[in-house]
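Let's take a walk through this structure together, starting with a single residue and working outwards. Keep the 3D view open and turn it as you read.

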Amino acid sequence: MVDPSTLADFIQYSTKRYPADRYILIMWDHGGGSLTGFGYDQYFQRDSMTLDELSTALRNGGCQFDFIGFDACLMGTFETAVVLEPYADYMIASEEVEPGVGWHYNGWITALSQDTSIPTTKLGKILIDDYVKEVAEKVSETQATLSMVDLAEFKGIIPPAFSRFSSSTNDLLDEEKYKTVADARSGAKEFAS
């Protein structure tokens, strides 16, 4: 299930068989964010789909999505957003661990069925509000985090700054200035410690 060709085939099959004016892709399973990517194929090689493999699958799928959502832990990262930017207008994902109840699908799917032209931002707000409410009701000891990111904001603005950041960090590591990098990392905001 984490082979990029499986996802690409699914996207191609679905868009050919069920043509629509707008498309949404929701990926539900385990998430590992920037480190291990999405999904966990426990029946084969205990593999996951890395972000570069996800990019390959989306490119080969050949579809532009209103949003790509992850009903999975830890996928709301900068790196995931950069990967999704060419293939979707928005990303909906949590930067934190999601509780087992996951997303609550009834509300936003009902809203979409009642108004197929509903703006994606309004649909995303319904999805996020319902998720937060569901977590509060069913798993009150857990904090719900879920965000909607406008991926157009990444195009042309964020990647050059991130490239500079990556290069400067790499230079520090090449110069064996590990403490500088470690101190900066320990001072950064952290989710799912």
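**A walk through the fold**

Start with Ile118: leaving out residues up to four places away in sequence, it touches Arg22, Ala111, Leu112, Leu123 and Ile126. You'll find Ile118 in the loop between helix 5 (106-114) and helix 6 (120-138). Is Ile118 buried or exposed? Ile118 has a relative accessible area of 5%, and anything under 20% counts as buried, so Ile118 is buried. One thing to keep in mind as you look around: this is a predicted model.

Now step back and take in the whole chain. It has eight helices and seven strands. Along its principal axes, the C-alpha trace spans about 60 × 40 × 40 Å. How does the radius of gyration fit with a compact globule? For 193 residues, such a globule would have a radius of gyration near 16 Å, and the chain's 18 Å agrees with that. Of those 193 residues, 38% count as buried.

The contacts tell you something about how the chain is put together. Take the contacts with a separation of 6 or more: 65% of them are between residues 24 or more positions apart. As for the outside, the chain exposes about 11500 Å², and carbon and sulfur atoms supply 54% of that area. There are charges to think about too, 15 positive and 30 negative, and the mean positions of the two sets are 3 Å apart.

Next, have a look at the strands, beginning with strand 5 (residues 65-71). How many residues of strand 5 are buried? The count is seven of its seven residues, so this strand is mostly covered. Strand 5 has strand 1 (residues 24-28) as a partner, and the two pair in the parallel sense over five bridges. If you want a spot to zoom in on, Ile26 stands opposite Gly69 in strand 5.

Strand 5 is also joined to strand 6, again running parallel, by four bridges. Two places let you follow this pairing. Phe65 stands opposite Ala88 in strand 6, and Ile68 has Met91 as its bridge partner in strand 6. Strand 6 itself covers residues 88-93, and five of its six residues are buried, so the rest of the structure largely encloses it.

From the end of helix 4, the chain passes through a loop on its way to strand 6, and Glu85 is found in that loop. Why does Glu85 count as buried? Its relative accessible area is 19%, and the cut-off for buried is under 20%, so Glu85 counts as buried. Glu85 touches Leu151, Phe154 and Lys155, again not counting residues up to four places away in sequence.

Another glutamate to look up is Glu134, which lies in helix 6. Glu134 is buried, with a relative accessible area of 11%. Setting aside neighbours within four places in sequence, Glu134 is in contact with His104 and Val139.

Let's turn to a couple of backbone details. Leu74 sits in the loop between strand 5 and helix 4 (78-84). Leu74 has a positive phi of about 60°, although it is not a glycine. With a relative accessible area of 25%, Leu74 is partly exposed.

Which loop holds Glu176? Glu176 has its place between helix 7 (158-174) and helix 8 (178-186). The phi of Glu176 is near 60°, a positive value in a residue other than glycine. Is Glu176 buried or exposed? Its relative accessible area is 58%, and over 50% counts as exposed, so Glu176 is exposed.

Finish at helix 7, where you'll find Arg164. At 57% relative accessibility, Arg164 counts as exposed. From there, look across to Thr120: the two residues are 44 residues apart along the chain, and their C-alpha atoms are separated by 32 Å.

Note on methods:
Residues are numbered from 1 along each chain as its sequence is written. This is a predicted model: local features need pLDDT of at least 70, side-chain atom pairs count only at pLDDT 80 or more; totals for chains, interfaces and linings use all residues. Side-chain values use heavy atoms; hydrogens and water are left out. The radius of gyration is taken over C-alpha atoms; the globule rule is 2.2 Å times the number of residues to the power 0.38. Buried means under 20% relative accessible area, exposed over 50%, partly exposed in between (1.4 Å probe, protein chains only). Contact means heavy atoms within 4.5 Å. Accessible areas come from the Shrake-Rupley method with a 1.4 Å probe; for residues, only the protein chains shown count as cover. Lys and Arg count as positive and Asp and Glu as negative; His and the chain ends are not counted. The place of a charge is taken as NZ of Lys, CZ of Arg, CG of Asp or CD of Glu. Two strands pair if DSSP finds at least two bridges between them.
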